[in-house]
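Subject: Structure handover

Hello,

Here is the structure for you to look over. My notes follow below it.

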Amino acid sequence: MATIPPRATWNAPQRTEAGDWVLGTNRSDRFRNPWPAEHARFPFSIATSTSVQVARFRRNGAQLLLAATAPPPSWPSRNSEQSTGVWMSSPGTRVVQRGSVDGVQIAVPCEDGVLSFESERLEAGVGATAWWRVRTGVSTLPDCADSETMSVSDLLVTVPRLARSSTLDAVSLSRVRPSLTLRRDFAAVGLFFEVYGTHARDSLSVTLAFRSRSQGGALAWLTDAIVPGSSGRVRDGSIAWRLPADTGQPAQPRSVTTDLDMRTAPPGRYDLTITIETAGGRAVSATRTIELVP
């Protein structure tokens with residue numbers, strides 16, 4: 001049997017969350033195909049994962065999706081897997097991109113859609129022996145098709161200590177967190193984002209604000225979140241720093257990385273909002289919600 005998300009998501013598939021998809025197969029009847037037609041693989045089994053992080057970036061009038069994911073907890077070794085990212089939009093556009101066992105980068109139009117990450121485990125001489133997937137809705141990145149407007153990408157949560165000069169092309173999928181639910185003892189993270197529509201000679205002020213959905217305004221742990229050696233300073237429940245101007249030609253996009261240590265923060269859900277402001281007063285922001293669990 002295969003099921004679909006609740007009826008409330010039908011008219012807005014980009015709001016579908018990974019946990020809304022519950023997929024399976026009736027293995028006793030191999031002649032009835034319960035799979036979506038484009039991914040029929042009966043009579044093999046299917047499993048559903050809910051671990052995924054999707055970040056959107058602006059690229060040449062389109063959006064580049066970076067999706068990192070992990071298999072269901074009971075899944076065997078991934079050494080013999082291959083994977084594919086499939087993006088489907090409501091107007092009927094479909095994009096397919098081969099990925100790695102850690103995720104996929106896929107360039108798609110500036111439209112709302114659903115991203116499906118498909119992974120199959122292979123066995124020599126047998127072919128595909130099992131299949132798992134994770135699906136999640138994706139809304140269009142604001143100002144996706146506008147190459148001039150100042151805007152910011154999503155916050156990409158990675159392992160810490162990315163090189164300061166990292167670009168998105170240099171960020172390995174294996175270093176991207178496959179879930180935004182983090183155990184507190186592993187809550188030292190890196191944050192990566194891109195800024196668009198500015199000049200390399202612009203000096204930018206950056207503010208990373210925190211809002212606890214469960215602890216109110218209690219942010220006493222925030223000072224501990226600053227990684228030694230970083231230039232950030234705690235101010236009014238936020239961490240603030242400046243990006244100095246770069247001399248030379250205009251740079252598009254501008255990549256920014258920073259580290260954050262939340263291992264002393266209480267468990268709960270946190271909104272992380274990054275705000276970038278130019279000396280002329282132009283400002284953009286983006287928010288990412290993460291959850292810390294014991």
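The largest nonpolar core has 30 residues. Phe193, Leu260, Leu272, Ile274, Ile276 and Ile290 touch the most other members. Please keep in mind that this is a predicted model. Six strands each supply at least two residues of this core: E12, E13 (204-212), E15 (238-243), E16 (254-261), E17 (268-278) and E18 (283-293). There is also a second, separate core, of 15 residues. Among its members are Ala47, Ala67, Phe117 and Val134.

Strand E2 and its sheet

Start with E2, which spans residues 52-59. Seven of its eight residues are buried, so the rest of the structure largely encloses this strand.

E2 belongs to an open sheet of three strands, in the order E2-E3-E6. The pairing is antiparallel. E2 and E6 (103-108) are the edge strands, each pairing on one side only. From one strand to the next, the twist averages 15 degrees.

The two pairings in detail:

- E2 and E3 (residues 62-69) are antiparallel over eight bridges. Here valine 54 stands opposite alanine 67 of E3. Ala67 is also listed in the second core.
- E3 and E6 are antiparallel over six bridges. Leucine 65 has isoleucine 106, in E6, as its bridge partner.

The hairpin of E2 and E3 has two residues between the strands. Asparagine 60 takes a positive phi there, near 50 degrees.

The aromatic pair

The count comes to one aromatic pair. Its members are phenylalanine 57 and phenylalanine 192. The ring centres are 6.2 Å apart, and the planes make an angle of 55 degrees. The pair is tilted, because only an angle over 60 would count as edge-to-face and only one under 30 as stacked. Phenylalanine 57 lies in E2 and phenylalanine 192 in E12 (residues 188-196), so the contact ties together parts that are 135 residues apart in sequence. Both phenylalanine 57 and phenylalanine 192 are buried. E12 is also one of the strands that supply the largest core.

Salt bridges

There are six salt bridges by count. Three deserve a note.

Aspartate 154 and arginine 56 meet at 2.8 Å, N to O. Arginine 56 sits in E2, and aspartate 154 in the loop between E9 (151-152) and E10 (156-158), so this pair ties together parts that are 98 residues apart in sequence. Aspartate 154 and arginine 56 are both buried.

Arginine 133 and glutamate 118 meet at 2.9 Å, N to O. Arginine 133 is in E8 (residues 127-138) and glutamate 118 in E7 (residues 113-123), so the parts tied together are 15 residues apart in sequence. Are these two side chains buried or exposed? Arginine 133 has 1% relative accessibility and counts as buried. Glutamate 118 has 2% and counts as buried too.

Aspartate 271 and arginine 211 meet at 2.6 Å, N to O. This pair links distant parts of the chain: aspartate 271 is in E17 and arginine 211 in E13, 60 residues apart. Aspartate 271 counts as buried, at 7% relative accessibility. Arginine 211 counts as partly exposed, at 47%.

One network also turns up. Glu118, Arg133 and Arg135 are joined by salt bridges that share partners.

The disulfide

How many disulfides does a search of the whole structure find? The search finds one. Cysteine 110 and cysteine 144 form it, with their sulfur atoms 1.9 Å apart. The torsion about the S-S bond is about -65 degrees, so the disulfide is left-handed. Cysteine 110 lies in the loop between E6 and E7, and cysteine 144 in the loop between E8 and E9, so the pair ties together parts that are 34 residues apart in sequence. Cysteine 110 is partly exposed, with a relative accessible area of 25%. Cysteine 144 is buried, with a relative accessible area of 4%.

Where to look

For a view of E2, bring up phenylalanine 57 with its partner phenylalanine 192, arginine 56 with aspartate 154, and valine 54 opposite alanine 67. For the loop after E6, bring up cysteine 110 and cysteine 144.

Best wishes

How values were computed
Residues numbered from 1 in each chain as written. Predicted model: local features only at pLDDT ≥ 70, side-chain atom pairs only at ≥ 80, totals over all residues. Heavy atoms only, no water. Phe/Tyr/Trp six-rings, centres within 6.5 Å; stacked < 30°, edge-to-face > 60°. Helix = DSSP H or I, 4+ residues; strand = E, 2+ residues; numbered from the N terminus. Buried < 20%, exposed > 50% of the residue type's maximum accessible area, 1.4 Å probe, protein only. Core = buried A, V, L, I, M, F, W, Y, C linked by side-chain atoms within 4.5 Å. Pairing = 2+ DSSP bridges. Axes fitted to C-alpha atoms, helices over the stretch in contact; angles between N-to-C directions. Salt bridge = Lys/Arg side-chain N within 4 Å of Asp/Glu carboxyl O. Disulfide = S-S within 2.5 Å.
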